[in-house]
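Trainee: Could you take me through one part of this protein slowly, the place where the two domains meet and the ligand sits? I'd like to see how the rest of the chain fits around that spot.

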Amino acid sequence: MFKINENYLKLPGSYLFSTIGKKVREFTEANPDKKIIRLGIGDVTLPLAPVVVKALHGAVDEMGVKETFKGYAPDLGYEFLRQTIADNDYKARGADIAIDEIFISDGAKSDSGNIQEIFAINNKIAVCDPVYPVYIDSNAMAGRTGDYIPAEEKWSDVIYMPCTKETNFAPELPKETPDIIYLCYPNNPTGSTITKEELQKWVDYANKAGAVIIYDAAYEAYISEENVPHTIYECEGAKTCAIEIRSFSKNAGFTGTRLGFTVVPKELKCGEVSLNSLWARRHGTKFNGAPYITQVAGASIYSAEGKKQIKEQIAYYMRNAKIIREGLKSAGYSISGGVNAPYIWMETPKGMSSWDFFDYLLTKANVVGTPGSGFGPSGEGYFRLTAFGTYENTLEAMERIKKLS
Ligand code: MLT
């Protein structure tokens, strides 16, 4: 008789955004006349930029001609894209990343869930609390997180680093030494960020402790302030302790197109074994490449015109972020984030629980957000709104929320 992976049975509930989707569907079915505004999941609303559409069309045409047709993509991704990334995302920021340290994938979610596979089961992970649920859930599925303790809403073998108002939404170096540290900056869900000096402390800590940092920089394009690192490799010594995960979803609207990449430096080693070679082995065996047309589209955003168009899209969303920030503030809410990130993190009013506030906002204002507790126990009492809605809906959502207070 076959056996299942029982680690899956330990997972509480369903994936956060599936739970929210279900609740919203039920509400919509019961209230078909209500116009729901979705500021929950961080999904983009602007269409693909013209450069991207043009690149996609061109690549489709190439695929339809014998001379330019492409089959399987190279294991690591097409060199034209990896070279463009190395030049623009790294060299231009003073970071020396070689093209064989860049692995093209179908997105940051898959990479951040899969990367744990190259580590031993008895590694201890440390996560920020609240945190993007994929980091913990993927480790739980692998059996690396111990048991789930419902009363605490925590896993027994995970080091939680609280990021609340009291810690200025930043994690402190953990007392117990972890093996793997997940950091996400600009942060999902709190919208906070980190200075280069602060990030350097984590790099120094990891190098000293022999830990690896999984650095999720999916929201890098939203950085608006100086002295906020765009890549962890701006920090001295990061190549011996950090893996960086990047996405085309949030900067270029590829949530439905799917493209991302992970950087695994060759200097990052466990004894004599380079993690780059392990990830290459995993990639070669389990992944058959992002589509050629998607990789061509990804490369197009690095052209002068592409950069300009992407910047305009980001400015559009950040205008929404400002509207949300100002709207919530004027309605008396205590908020953070939304300056270097497309997420605004607010405290729920009158000590309401995160899910109660979710229900309240859904039923009274027909606005969907994300309950902070869905990201971890320290998210209780907080709520996340995304700036990825349309401008018109964002304005309307704020009007509705202001009327409630
Ligand atoms: C979020 O809302 O946290 C993100 O959209 C989830 C994701 O990028 O997978």
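What follows is one walk from the domain contact to the ligand shell and then out to the pieces around them.

Mentor: Sure, and keep in mind as we go that this is a predicted model. The domain assignment splits the protein into domain 1, made of 7–48 plus 305–404, and domain 2, which covers 53–303. Their C-alpha centres are 24 Å apart. Where the two touch, domain 1 puts in 37 residues and domain 2 puts in 46.

Let's stay on the domain 1 side of that contact for a moment. The elements giving two or more residues there are helix 1 (7–10), helix 11 (304–330), strand 13 (335–337) and strand 14 (343–347). Helix 11 has the largest share, with seven residues. As for chemistry, this side of domain 1 breaks down into 19 nonpolar, 13 polar and five charged residues.

Two of those contributors, strand 13 and strand 14, also belong to an open sheet. That sheet has four strands in the order 13-14-17-16, paired antiparallel. Strand 13 and strand 16 (370–371) are the edge strands with a single partner each, so each has one side with no neighbour in the sheet. If you want to find the pairing of strand 13 with strand 14 on your screen, look for three bridges between these antiparallel strands. A handy marker is S336, which sits opposite W345 of strand 14.

Now for the ligand. The residues around it are I41, G42, D43, K109, Y132 and N188. By type, that shell is an even mix: two nonpolar, two polar and two charged. Both domains take part, since the shell draws at least three residues from domain 1 and at least three from domain 2.

Next, some backbone details in domain 2, whose range is 53–303. The peptide bond from D129 to P130 is cis, with omega near 10°. P130 lies in the loop that links strand 3 (125–129) to helix 6 (133–142), and Y132 from the ligand shell is a number to look for as you scroll along there. A second cis bond runs from Y185 to P186, with omega near -10°. P186 is in the loop between strand 7 (180–184) and helix 7 (196–209). While you're there, find N188, another name from the ligand shell.

Helix 6 deserves its own look. Its buried residues are Y135, I136, S138, N139 and A140. They pack against quite a list of elements: helix 1, helix 5 (108–114), strand 3, strand 5 (154–155), strand 6 and strand 7. Helix 1 is also one of the elements on the domain 1 side of the domain contact. Right after helix 6 comes G143, with a positive phi near 90°.

Glycine isn't alone in having a positive phi here, as two asparagines show. N168 has a phi of about 60° and is found in the loop between strand 6 (158–162) and strand 7. N168 counts as exposed, because just 9 other C-beta atoms lie within 10 Å and the cut-off for exposed is 12 or fewer. N366 has a phi of about 55°, and its place is the loop between helix 12 (354–365) and strand 15 (367–368). With 19 C-beta neighbours inside 10 Å, N366 is partly exposed; buried would take 20 or more.

For a buried residue to set beside those, try V296 in helix 10 (residues 292–300). V296 has 22 C-beta neighbours inside 10 Å, so it counts as buried. Leaving out neighbours within four places in sequence, its contacts are A55, G58 and A59. From V296 to E117, 179 residues apart along the chain, the C-alpha separation is 29 Å.

Finally, step back to the whole protein. It has 13 helices and 17 strands. Its radius of gyration is 21 Å, close to the 22 Å the globule rule gives for 405 residues, so it is as compact as a globular protein of that length. The C-alpha trace spans about 60 × 55 × 50 Å along its principal axes. Buried residues make up 46% of the 405. Of the contacts with a separation of 6 or more, 73% join residues 24 or more positions apart.

Definitions and conventions
Residues are numbered from 1 along each chain as its sequence is written. This is a predicted model: local features need pLDDT of at least 70, side-chain atom pairs count only at pLDDT 80 or more; totals for chains, interfaces and linings use all residues. Domain bounds come from an automatic or database domain assignment. Two residues are in contact if their C-beta atoms, placed from the backbone, lie within 7 Å. Ala, Val, Leu, Ile, Met, Phe, Trp, Tyr, Cys and Pro count as nonpolar, Asp, Glu, Lys and Arg as charged, and the others, Gly among them, as polar. A residue is near a molecule or strand if its C-beta atom, placed from the backbone, lies within 6 Å of it. The radius of gyration is taken over C-alpha atoms; the globule rule is 2.2 Å times the number of residues to the power 0.38. Two strands pair if DSSP finds at least two bridges between them.
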